[in-house]
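User: I am new to reading protein structures, and I would like a close look at one part of this one: the side chains that pair up with each other. Could you start with rings, move on to charges, and tell me how open each spot is?

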Amino acid sequence: MDSGDRIRVERSGEQYEGVCMPSTTEDHVVLKLDGGYNIGIEREESHVEVLDSGVYDIDSEVDGDESSVVEIDPDLPTISLISTGGTIASTVDYRTGAVTSQFDAEDVLRAVPDLAGRANYRGRVVANILSENMTPEIWQDLAWAVHDEIENGADGVVVMHGTDTMQYTASALAFMLDTPVPIVFTGSQRSADRPSSDNVMNAVCAVEAAMSDCAEVLVCMHATENDTRCALHRGTRVRKDHTSRRNAFETIGNEPLGEVEYATETVTFQQPYDERGSTTLDIAPDLETDVELLKSTPGMDGAFLDLCDGKAGIVIEGTGLGHINTKFIDHIARLTDDGTAVVMTSQCLDGRVCDRVYDTGRDLLEAGVIEGETMLPGTAMVKLMWTLANRSSVRETMQTSLAGEITERSVPWT
């Protein structure tokens with residue numbers, strides 16, 4: 001048997017069928033199962049039957065003449081596809097058994113052929129990283145890339161991004177860019193080699209959203225566990241609430257801004273939004289990166305606050321209405337006296353920070369803490385980075401909604 005063959009392996013009364021993958025040891029057979037997962041089976045006492053030879057080509061060399069060409073239709077809008085990594089436009093490399101990200105427009109169309117004929121596409125790579133390795137410097141590179149694509153005539157932008165930190169990057173671009181066209185983030189919770197992959201539907205719905213009338217930064221992901229529709233979340237009000245479910249993203253404090261029906265390709269909006277062309281393209285990419293996000297917990301070690309001495313800013317994810325242990329209030333006062341901007345948010349999933357109800361809150365206000373209103377803690381951290389680098393009045397800016405990050409009233413929406 002060779003890598004790329006479809007085989008059946010029987011061992012200890014169990015039977016496994018899939019595509020033979022390269023193995024790092026001679027003692028194991030590696031199979032890619034039809035469900036997308038790789039398993040290793042000890043060769044000893046195993047019976048292997050080759051069902052079909054050469055099912056997948058595993059040659060490491062690629063004939064450049066076989067690369068596809070994206071045809072231009074002057075009657076279609078132009079959508080820029082920008083990749084930062086992740087699995088949204090990934091394919092299986094049967095030479096290694098791994099799922100690899102694809103980058104240029106031709107690669108994306110090969111990975112998600114359902115995108116063909118909807119728009120003209122341009123492809124661009126900003127990074128090739130796992131999203132947990134995202135940095136503020138890459139946010140800046142991405143903001144410039146999106147700005148350039150729009151300046152060069154893109155009618156919309158789709159950013160392919162890993163899901164783990166997508167909410168941070170979406171917030172960063174919402175503050176750094178004034179955009180006349182939609183900027184839509186999308187990703188994939190499950191890789192392209194799994195039958196339950198969400199990459200095709202998310203990509204198609206993201207392109208439809210990028211051609212819509214909503215000129216804001218959006219996150220487009222499954223609205224339900226079924227392949228029916230994608231939710232369009234405002235980039236500053238969304239968070240990932242589940243590790244692996246396809247509908248992992250949620251708008252906090254309100255309904256999603258809109259949705260895309262997959263079958264009918266219909267885009268609708270439930271909330272007010274900035275319309276296409278109503279804003280002039282502009283960029284303010286500077287960030288003060290000396291900012292930390294600190295979570296208040298019972299019994300927290302004061303050494304965490306010691307590490308914040310001299311920081312440009314910190315965001316505290318406080319308890320309830322925005323509290324932290326009273327023994328830390330004097331330290332917080334010293335921080336603000338030394339010029340550190342301290343913003344209080346809540347680790348509750350919804351609601352407004354209000355430090356005027358209890359004594360602790362009143363003492364925090366006296367210590368110079370800025371109430372973070374209804375901002376999500378991660379969004380507040382990103383906004384503080386941007387505010388410190390771009391605005392003179394930190395308190396006023398942090399308490400003013402710039403990109404829908406602060407809801408006007410704290411009322412139930414269900």
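Analyst: Let's begin with Y273, which is partly exposed in this predicted model. Its relative accessibility is 26%, and that value falls in the middle class because buried means under 20% and exposed means over 50%. How many aromatic pairs does a search of the whole structure find? The search finds two. In one of them, Y273 is partnered by F269, with the ring centres 4.6 Å apart. The planes of these two rings make an angle of 45°, so the pair is classed as tilted rather than stacked (under 30 degrees) or edge-to-face (over 60). F269 is partly exposed as well, at 22% relative accessibility.

Now for the charges. Side chains of opposite charge can pair when their charged atoms come close. In this structure there are 19 salt bridges. A good one to follow is E149 with R122, where the closest N and O atoms are 3.0 Å apart. E149 sits in helix 2 while R122 belongs to strand 9 (residues 120-125), so this bridge ties together parts that are 27 residues apart in sequence.

E149 has another partner too: a salt bridge joins its side chain to that of R124, at 3.1 Å from N to O. R124 lies in strand 9 and E149 in helix 2, so here the parts tied together are 25 residues apart in sequence. Is E149 buried or exposed? E149 is buried, because its relative accessibility of 9% is under the 20% cut-off. Its two arginine partners are in another class: R122 is partly exposed at 28%, and R124 is partly exposed at 27%.

Next, turn to K295 and E317. Their salt bridge brings the closest N and O atoms to 2.8 Å. K295 is found in strand 20 (residues 291-295) and E317 in strand 21, so the pair links parts that are 22 residues apart in sequence. Which end of this bridge is buried? E317 is buried, with 14% relative accessibility, whereas K295 is partly exposed, with a relative accessible area of 41%.

Salt bridges can also join up into something with several members. Here, R6, R8, E17 and E49 are linked in a network of salt bridges.

Some charged side chains in the model have no such partner. Which residues form a negative surface patch? The patch is made by D301, D306, D309, D337 and D338. Its members have no salt bridge, because residues that have one are left out of patches. D309 is a handy one to find: look in the loop between helix 5 (303-306) and strand 21 (313-318). D309 is partly exposed, at 46% relative accessibility. That loop leads to strand 21, which also holds E317, the partner of K295.

To finish, here are two glutamates to compare by eye. E45 lies in the loop between strand 4 (38-42) and strand 5 (47-52), and E373 lies in the loop between strand 23 (370-371) and helix 8 (377-390). Phi is positive for E45, at about 65°, although it is not a glycine. Phi of E373 is also positive, near 55°. Their surroundings contrast: E45 is exposed, with a relative accessible area of 65%, while E373 is buried, with 16%.

Terms used
Residues are numbered from 1 along each chain as its sequence is written. This is a predicted model: local features need pLDDT of at least 70, side-chain atom pairs count only at pLDDT 80 or more; totals for chains, interfaces and linings use all residues. Side-chain values use heavy atoms; hydrogens and water are left out. Rings of Phe, Tyr and Trp (its six-membered ring) pair if their centres lie within 6.5 Å; planes under 30 degrees apart count as stacked, over 60 as edge-to-face and the rest as tilted. Buried means under 20% relative accessible area, exposed over 50%, partly exposed in between (1.4 Å probe, protein chains only). Patches are made of residues with over 30% relative accessible area and no salt bridge: like charges are joined within 9 Å, nonpolar side chains (Val, Leu, Ile, Met, Phe, Trp, Tyr) within 5 Å. Accessible areas come from the Shrake-Rupley method with a 1.4 Å probe; for residues, only the protein chains shown count as cover. A salt bridge is a side-chain nitrogen of Lys or Arg within 4 Å of a carboxyl oxygen of Asp or Glu. Lys and Arg count as positive and Asp and Glu as negative; His and the chain ends are not counted. The place of a charge is taken as NZ of Lys, CZ of Arg, CG of Asp or CD of Glu. Helices (H or I, at least four residues) and strands (E, at least two) are DSSP runs, numbered from the N terminus.
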